[in-house]
Amino acid sequence: MTVLAQQTGDGAKSTDKPIHILWTSEGMSCDGDTVSVTAAQLPSIEDVLLGLVPGLPKVVLHNKVLAAETGDEFMAAFHKAAAGELDPFIFVVEGSIPNEKINGDGYWSSMGNDPTTGEPITLPEWIDRLAPRAWAVLAAGTCATYGGIHAMAGNPTGCMGLADYLGWNFRSAGGLPIVNVPGCPVQPDNFMETLTWLLYQAAGAAPTIPLDEQLRPTWLFGKTVHEGCDRAGYYEQGDFARDYNSPKCQVMIGCWGPVVNCNVTKRGWMDGIGGCPNVGGICIGCTMPGFPDKFMPFMDQPPGATVSVAIAGTYGSLIRRLRSITNKTVNEEPKWHHNRAELTSGYQPRWPR
Amino acid sequence: MSQTMKASQGQAQARELVDMSWDPITRIIGNLGIYTKIDFKNQEVVECKSTSSMFRGYSVFMKGKDPRDSHFITSRICGICGDNHATCSVYAQNMAYGVKSPPLAEWIINLGEAAEFMFDHTIFQDNLVFVDFCEQMVKETNPSLLRRAETTPAPHGDIHGFKTVADIMRAFNPFTGQMYREALQMSRLTREMFCLMEGRHVHPSTLYPGGVGTVATPQVFTDYLVRLLKVLDFVKKAVPCNDDLFDFFYEALPGYEEVGRRRIMLGCWGAFNNPLHVDYEYRNMNAWGSEMFVTPGIVLDGKLLTTKLVDINLGIRILLGSSYYDDWVGEETFVTHDPLGNPVDQRHPWNQTTLPRPQKRDLENGNYSWVMSPRWFNPASNEHLALDTGGGPLARLWSTALAGKVDIGTVKATGRSVQINLPRSAAFPEMQLEWKIPQWSNTLERDRARVYFIAYAAAAALYFVEQALGEIRAGNTKVFSDFDVPDDAIGCGFHEAVRGVLSHHMVIRDGKIANYHPYPPTPWNASPRDKYGTPGPYEDAVQGMHIFEENGRDKFKGIDIMRTVRSFDPCLPCGVHMYLGDGTVLKRLHSPTLGTSVGG
């Protein structure tokens with residue numbers, strides 16, 4: 001849609017050109033990252049579009065799911081950007097990139113038609129037209145970042161992540177590498193926070209976004225699921241769930257949390273609610289470049305966990321025993337809490353008894 | 001403007017047809033293109049073709065994988081109702097593994113799925129569909145209608161607070177309208193409810209075959225209930241708001257009932273299993289299917305043809321005709337007979353082999369879509385029926401109402417209607433809403449049913465919370481039953497995705513997936529012409545449609561077409577992509593016979 005942000009308040013940036021967000025979900029996607037972003041509250045998409053977040057530039061969003069326009073009217077911005085007439089813009093790619101070199105006259109996925117030939121325009125064609133002109137290129141979700149579920153072994157479309165397509169050394173017109181926000185789907189607030197960093201950066205209010213080697217924002221993906229998990233205490237005590245009824249650590253029943261980079265256990269899914277192992281869902285590694293194949297079958301114990309679980313089991317059971325003694329102690333009130341006709345708290349009263 | 005609607009009778013007269021296309025169609029999920037031929041002189045859409053421009057290949061890459069991975073994988077089919085897939089896959093796996101989830105797990109899944117219906121219908125109706133009915137849009141497409149709306153009092157203004165119908169339209173202006181913004185908030189609250197039960201939206205983390213991993217303390221149910229009470233306030237306002245707007249369209253635009261109207265051919269595969277009855281055994285499927293809290297059924301010309309899941313299952317046929325695939329007729333037959341001994345057709349999902357054949361799009365005489373053509377074979381008439389789902393709610397309410405089985409206090413099916421009883425909430429007293437079987441299966445009724453089904457899901461959720469807390473208070477806190485994966489087995493799951501019928505069919509051999517075919521609602525609704533030439537439901541609903549838009553050819557937006565396509569709640573990752581032509585005449589055809597061949 002084209003929602004023109006409405007200027008509010010001081011109008012500090014009112015003379016600045018708006019930043020357009022051109023968002024395509026026409027890769028091998030489920031549109032789940034767009035849907036996920038409508039769940040964001042920190043900040044919400046409408047807060048950004050309506051100019052309610054201080055310091056952000058004006059933003060115009062072009063996204064298929066939310067657009068008021070349809071067809072050609074919707075596609076107009078994409079054609080203008082490709083012709084260098086829409087500047088600056090951030091290019092958001094959702095969905096893995098199909099290999100269109102392997103299917104003859106056919107196509108795996110397309111967005112709009114070529115006005116001259118009437119033939120469908122494939123996603124790689126759009127990426128070739130738009131990525132080099134974009135101030136920043138943002139890959140939303142694990143499909144776009146690393147290939148994801150549709151790039152699983154045995155897939156017929158030969159699809160891949162955006163950096164596999166553009167090259168890992170790609171630089172946008174703004175001099176930035178691709179910015180990857182993985183997740184299947186993307187955690188809503190992780191995406192909005194990354195987008196707002198880029199918008200602050202575009203406005204000159206933030207330095208270059210810090211990214212790790214897999215091009216992820218470091219403050220979001222620098223820790224593992226396990227490091228933020230409220231069930232990690234059970235692991236420490238060597239106390240493991242044997243089936244999904246248990247609220248204990250799930251590494252023996254399929255959880256990959258100890259080796260997966262993701263903040264879901266800290267952040268929850270929406271405003272602290274939900275998540276994965278913290279609420280009983282094994283971590284299947286959905287933010288990772290190796291997803292899904294390196295984590296399947298999902299419900300089996302990860303091979304690496306055999307050794308660590310055995311070690312944690314020995315050390316942890318001792319810790320657990322010691323702690324249970326202390327726990328029993330701290331579950332009892334001090335002895336001087338009583339209703340007898342004497343004071344045993346240690347105070348020496350001066351009044352006559 | 002003509003105010004009656006008649007399909008072209010195909011008299012031998014030359015008609016000037018203009019090619020108009022919308023690709024991509026926005027405000028839907030996935031890739032959909034709608035290609036039409038329009039007779040502007042007679043204000044009629046003469047031909048419509050629906051095309052999807054995406055193929056990912058789930059049925060191809062799932063072969064050989066561990067069967068227990070199916071719900072994790074198939075959830076990724078859809079970014080707005082992935083959990084419906086995960087749930088349906090769990091149902092199919094439960095059948096294949098012979099495992100029954102503990103009752104509390106079933107209530108938790110029902111609560112999660114109810115929240116999904118509340119979320120998804122709200123965001124789709126108020127933030128995507130209603131943009132077609134909002135003040136900004138109506139001003140551009142039907143200015144005289146807007147003028148009339150400005151002076152038409154809203155009949156339920158005392159409840160929802162909007163004085164005129166135009167005030168309602170303004171409330172749905174994107175990003176600035178009151179209802180538009182409230183709906184976004186509501187879509188978040190209901191997704192939080194969802195996350196309480198299923199961990200994450202939209203690809204759940206806590207669903208497993210055999211149950212759930214949700215930590216079933218009283219807290220999750222309390223947290224859910226408190227949010228549900230806030231939803232009640234919203235629903236009590238939204239339903240009369242929708243009624244006022246749709247009733248105004250009927251009144252102000254005589255003949256609008258014909259927009260998007262098609263023969264009543266609705267399918268509903270049932271939703272919300274009843275833990276007291278479901279055992280996931282195929283042999284007992286008719287019995288436990290009829291105990292679902294949304295009754296499965298096929299409604300043909302207003303009559304309930306069947307409510308039996310076994311009949312529904314055996315009648316499914318996947319046809320080709322205009323799709324980019326090779327036929328599998330000579331490929332392996334995986335299931336010759338169902339567990340009851342009934343023969344299973346080679347065109348049934350259990351026996352389908354997906355053989356993609358990428359090729360050039362040929363909208364005139366060839367293949368034009370990645371969507372296949374699911375049909376339901378009616379043994380009584382030997383017809384392959386192009387069932388639609390009415391966008392989901394229309395078929396669910398219709399089937400449930402006619403079957404007259406559901407009676408849980410907060411929801412009662414009467415045979416002619418569905419009564420929804422909502423208790424007192426902060427802003428409103430106790431309220432009964434009644435959805436009555438409409439005269440038509442058309443654009444406005446598909447949209448109206450959607451808001452009623454939000455109320456249905458909220459009312460059912462109240463009942464489910466009570467049942468779940470009952471289990472917990474009785475000490476029944478088990479949420480998962482263990483199972484083994486057999487070397488060889490088959491399974492099928494039936495559920496309702498938000499936008500309609502959903503089935504998953506799996507075949508296990510040597511402990512691995514030998515075949516897996518999910519059939520979501522959109523292949524049914526968005527299907528192209530099948531080998532018999534029968535158009536799919538979008539095509540059929542748009543074809544022969546009268547145009548009410550006041551713009552002429554040069555500024556044509558196709559609003560009546562857009563409303564019709566969106567009334568089905570298109571979701572094409574599950575099956576299809578729309579594009580608004582600029583009104584340029586691409587090609588003029590003078591065809592004396594075209595009107596006859598596509599009139600239906």
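These legends accompany close-up views of a predicted model with chains A and B.

**View 1. Where chain A meets chain B.** Here we look at the contact between the two chains, in which 69 residues of chain A touch 71 residues of chain B. On the chain A side, the elements that each supply two or more residues are α1 (32-37), α2 (45-49), α3 (71-82) and β5 (110-113). By residue class, this side of chain A splits into 34 nonpolar, 24 polar and eleven charged residues.

**View 2. Helix α3 of chain A and its cover.** This helix is one of the elements at the contact with chain B, and its length is worth a look. Its twelve residues reach 17 Å from the first C-alpha to the last, close to the 16 Å expected at 1.5 Å a residue. Buried positions in α3(A) are G71(A), D72(A), F74(A), M75(A), A77(A), F78(A) and A81(A). What covers these buried residues? The cover includes β2 (19-24), β3 (59-63), β4 (89-94), β5 and α4 (123-130) of chain A, and β1 (16-22) of chain B also takes part. Just after the helix comes G84(A), with a positive phi of about 80 degrees.

**View 3. The hairpin of β5 and β6 in chain A.** Strand β5(A), which helps to cover α3(A), pairs with β6 (residues 120-122) of chain A in the antiparallel sense, over two bridges. Across this pairing, S110(A) faces T122(A) of β6(A). Six residues lie between the strands, and in this hairpin G118(A) adopts a positive phi near 75 degrees.

**View 4. The largest nonpolar core.** This core holds 287 residues, and those with the most contacts inside it are L138(A), I108(B) and A458(B). The element that gives the most to the core is helix α14 (residues 443-473) of chain B, with 16 residues. Which residues does A458(B) touch, leaving aside those up to four places away in sequence? Its contacts are M118(B), L228(B), V231(B), L232(B), V235(B) and L422(B).

**View 5. The β6-β7-β8 sheet of chain B.** Three antiparallel strands make up this open sheet, in the order β6-β7-β8. At its edges are β6 (265-268) and β8 (303-306), each pairing on one side only. From one strand to the next, the twist averages 25 degrees. Four bridges link β6(B) with β7 (residues 297-300) of chain B, and across them M265(B) stands opposite L300(B). Helix α13 (residues 393-403) of chain B lies across all three strands, β6, β7 and β8, at about 85 degrees to β6(B).

**View 6. The β12-β13-β14 sheet of chain B.** This is an open antiparallel sheet of three strands, ordered β12-β13-β14. Why do β12 (411-413) and β14 (431-436) of chain B each have one side without a neighbour in the sheet? They stand at the edges and each has a single partner strand, so one side of each stays free of a neighbour there. Neighbouring strands are turned by 15 degrees against each other on average, direction ignored. Between β13 (residues 417-422) and β14(B) there are six bridges, in the antiparallel sense, and V418(B) stands opposite W435(B). Helix α13(B) packs on this sheet, touching β12, β13 and β14 of chain B, with its direction at about 100 degrees to that of β13(B). Helix α14(B) also touches these three strands, β12, β13 and β14, and its direction makes about 55 degrees with that of β13(B).

Terms used: Residues are numbered from 1 along each chain as its sequence is written. Chains are lettered from A and ligands numbered from 1 in the order in which they are written. This is a predicted model: local features need pLDDT of at least 70, side-chain atom pairs count only at pLDDT 80 or more; totals for chains, interfaces and linings use all residues. Two residues are in contact if their C-beta atoms, placed from the backbone, lie within 7 Å. Ala, Val, Leu, Ile, Met, Phe, Trp, Tyr, Cys and Pro count as nonpolar, Asp, Glu, Lys and Arg as charged, and the others, Gly among them, as polar. A nonpolar core is a set of buried Ala, Val, Leu, Ile, Met, Phe, Trp, Tyr and Cys residues joined through C-beta atoms within 7 Å. A residue is buried if 20 or more other C-beta atoms lie within 10 Å of its own, exposed if 12 or fewer, and partly exposed in between; C-beta atoms are placed from the backbone. Two strands pair if DSSP finds at least two bridges between them. The expected span of a helix is 1.5 Å times one less than its number of residues. Axes are lines fitted to C-alpha atoms, for helices over the stretch in contact, and angles run from 0 to 180 degrees between N-to-C directions.
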